[in-house]
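The following exercises ask for a careful reading of one protein model. Each task is followed by a worked solution.

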Amino acid sequence: MGSTDLISSVPTGLWSSAQRAGDALRRCGRVVIAAHIDADGISSAAIAQLALGRAGIKSSFEFFKKLDGPAIKKLSEQSADTVWFTDLGSGSLSKIEGMKAVVSDHHMPDPSSGARNTCGQTALTDFSTVVQVNPQLHGISGANELSGAGSTFLVALALDPRNIDLAHLAVLGAIGDLQDQKTRRLEGLNRALLSAAIEENTIEAVEDIRYFGRETRPIHKLLEYSSDPFVPRISGNEEGALGFLLELGIELKDDDRWRTWVDLTSSEKKTIVDALKDQLRDSRRKPEAIERLVGEVYVLQKEQKGTPVRDAKEFATLLNACGRHGKADVGLKICAGDRGEAMSDGMVLLRDHRSALSKALTWAKGSGIIRLKNIQFFDAGDEIEETIVGTVAGMLLGSEGADRSAPMVAFAESTEYSDTPKVKASSRGTQDLVARGLDLSVAIRLAAEKVGGVGGGHNIAAGATIPADKRDEFLSDLDEIVGSQITSRGRQRG
Ligand code: C5P
Ligand code: C5P
Ligand code: ZN
């Protein structure tokens, strides 16, 4: 798929907003890139940085957990011609109105800004100083069909069609935001970006086991840490996983080195997958759960085998390990191709991230989850960092025995500097709940605004920062709003 074919699959309104963004950037001498700290945000920043560099435009970057007053102040103090917001901005449009800016994002747009109801149009008017590129304004889901990196990639493509060789970074952002979760493959506009990356020989899409760690985990560890689907006696059970593989006659080591999933022959892989399916059937798992074992996975063909940058899911986790622990710049360098110092720093961050997640998950499981009428929650206080509490909420909801009939809300102490203490709230839903009307971005935003906080996100995952003493009021409002969404059974996009 060349750039012309790709552009023809982009809705006209969305493409014309990308062109306007490209035109605005082309007129600049210096641009500040303001990006979100997660894998999608880092992939977006890498696309923006590389595209600007190629166009001869100077750039610098800043990463943010969210766009609040201090973030906007910091950006407006920089002597740049424009700010390019990537993977954030749409939820805070009213705050950046008046600033010269390009926003390439996929979050639910701020309803209090001029962007409201501008479906099919570039958001805001021709007189505005902000150009917004967001799939949600053009009937495309920002949760499943295009990520922040995808929106940013469209702007890069509008700047120069040769930037099509950055398509793999857009795929990486989508995988980082779990946009393949619903159907076990990328869909919608993401698929067109994937085709472009395949044609550029940067990515290969293959049907394979969906468990995490195909490139880097010893096979028994890949099975032990599996959760979607959870296999009784194997998931969460190292001895069980080892015994299962030995019974199948699988060699675990190649000389002294543990074999990983990608070291296996196709017949060994088939033997394991078939045996896992039998085990799932024997434990009366639903066919839909068994189907989740295999799906499309994405291999970064130019990367070295056996490294975390070879598999898109592992690469995205490496980026989250950097960004969610204050080192998004390391992730940015890795995206831009640094396989030396940045890569070794990233590997250390990855190890720490994994152990932080595992500790946090154990803590949250032991802390007791409280079920309200329509939501469930736990409060981690200062036990879990605010930047990973949402990931933990998602992992809990996906784990064996979880109550999946209500979204999970997780609180953690916010490090935000302010006169009054704040808490961070993160929420995660399921595809089933979304199909029944759940829209966490709307629910969280309304409940947060009511108590003087700010929030937003996507239908399936959203977050907010609120005054700490308003937590219970926030919870009870959120419980009520979620109840009204689910009973109203509205069909939502997002
Ligand atoms: O800020 P951003 O849009 O990049 O983040 C999206 C968030 O939504 C990620 O934390 C991702 O893990 C979460 N998500 C999820 N389940 C999905 C889709 C997204 O938890 N099915
Ligand atoms: O922080 P967390 O991982 O829970 O965020 C889930 C989603 O909600 C992300 O897409 C994030 O960008 C978004 N979010 C937001 N506004 C906030 C907090 C989170 O739009 N104040
Ligand atoms: Zn994103």
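**Exercise 1: a central strand**

Gly463 in strand S15 is the bridge partner of Ser426. This is a predicted model, in which local features need pLDDT of at least 70, side-chain atom pairs count only at pLDDT 80 or more, and totals for chains, interfaces and linings use all residues. Residues are numbered from 1 along each chain as its sequence is written, chains are lettered from A and ligands numbered from 1 in the order in which they are written, and side-chain values use heavy atoms, without hydrogens and water.

Task: Determine in which sense S13 pairs with S15 and with S12, and how many residues of S13 are buried.

Solution.
1. Strands are DSSP runs (E, at least two residues; helices are H or I, at least four), numbered from the N terminus. Pairing requires at least two bridges found by DSSP.
2. S13 (residues 422-428) and S15 (residues 461-467) pair in the antiparallel sense over seven bridges.
3. S12 (residues 408-413) also pairs with S13 in the antiparallel sense, over six bridges; Ala412 stands opposite Lys424.
4. Seven of the seven residues of S13 are buried, that is, under 20% relative accessible area (exposed is over 50%, partly exposed in between; 1.4 Å probe, protein chains only).

**Exercise 2: a buried helix**

Task: State which residues of helix H8 are buried.

Solution.
1. In H8 (residues 189-199), Leu189, Asn190, Ala192, Leu193, Leu194, Ala196 and Ala197 are buried.
2. Just after H8, Asn201 takes a positive phi of about 60 degrees.
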